[in-house]
Structures are given as structure tokens and as C-alpha cells.
Amino acid sequence: MTYTCCKCGCKKFTHHTFYGAKGTMAALFDIPNGEFITISCANCGYTEFYLKKTESGKNILDFLSEN
């Protein structure tokens, strides 16, 4: 994967995955139903978030297994 920071032009980055609420109902009930990928510039820290597409049932199973 190639990356160039739109703020400083650096080509080094880190990436992470996290789960968060996607939509009003999920946010109200604190249900993590969205998987997101972050790309962060190694130089200035500018971060972009991307929604990762997953199987529809996977998010519910992940939530139930964590609680």
C-alpha cells in the first residue's frame, strides 16, 4: 500500500483497526457495529478513517462474544 500524507507529504504511516458505533441506534445503545481502519501519518499524526465492509452478521457476533 502506498500512502502520501495530504498535510505534510510524508510517505510513512501506521494503521490500526477499531470498532465503533455506526448510526444513531447503535450509538444510543452503545453497540459497536462498525469496523473502521485508521491510517495515520508517522510524521505529523494526521489521521484518516475508513469504514471496513464486513459480513452483516459478524458485527453482532463480535459484540455478543465480548459481553
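The largest nonpolar core in this predicted model has 5 residues, namely Y3, C5, C10, I39 and C41. C5 illustrates how this part of the chain is joined. Neighbours within four places in sequence aside, C5 is in contact with C10, C41, C44 and Y46. Two of these partners, C10 and C41, are core members as well. In soluble globular proteins, nonpolar side chains tend to be buried together.

Strand β2 spans residues 34–41 and is mostly covered. Of its 8 residues, 7 are buried. Strand β3, residues 47–52, pairs with β2. The pairing runs in the antiparallel sense and extends over 6 bridges. Within this ladder, T38 has F49 of β3 as its bridge partner. The two strands form a hairpin with 5 residues between them. In that hairpin, G45 takes a positive phi near 85 degrees.

Aromatic side chains were examined next. The structure holds 3 aromatic pairs. One of them joins F18 and F36. Their ring centres lie 5.4 Å apart and their planes meet at 20 degrees, so the pair is stacked. This pair links distant parts of the chain. F18 belongs to strand β1 (residues 13–20) and F36 to strand β2, and the two are 18 residues apart. Their exposure was also computed. F18 is partly exposed, because its relative accessible area is 32%, a value between the limits of 20% and 50%. F36 has a relative accessibility of 17% and therefore counts as buried, the cut-off being under 20%.

F18 also pairs with F49. Here the ring centres are 5.8 Å apart. The planes stand at 90 degrees, so this pair is edge-to-face. It again links distant parts of the chain, with F18 in β1 and F49 in β3, 31 residues apart. F49 has a relative accessibility of 53% and so counts as exposed, since the exposed class begins over 50%.

Taken together, ring pairs link F18, F36 and F49 into a cluster. Strands β1 and β2 are represented by F18 and F36, and β3 by F49. Burial varies across the cluster: F36 is buried, F18 is partly exposed and F49 is exposed. F49 thus has two roles in this description, as the bridge partner of T38 and as the edge-to-face partner of F18.

Methods. Residues numbered from 1 in each chain as written. Predicted model: local features only at pLDDT ≥ 70, side-chain atom pairs only at ≥ 80, totals over all residues. Heavy atoms only, no water. Buried < 20%, exposed > 50% of the residue type's maximum accessible area, 1.4 Å probe, protein only. Helix = DSSP H or I, 4+ residues; strand = E, 2+ residues; numbered from the N terminus. Pairing = 2+ DSSP bridges. Core = buried A, V, L, I, M, F, W, Y, C linked by side-chain atoms within 4.5 Å. Contact = heavy atoms within 4.5 Å. Phe/Tyr/Trp six-rings, centres within 6.5 Å; stacked < 30°, edge-to-face > 60°.
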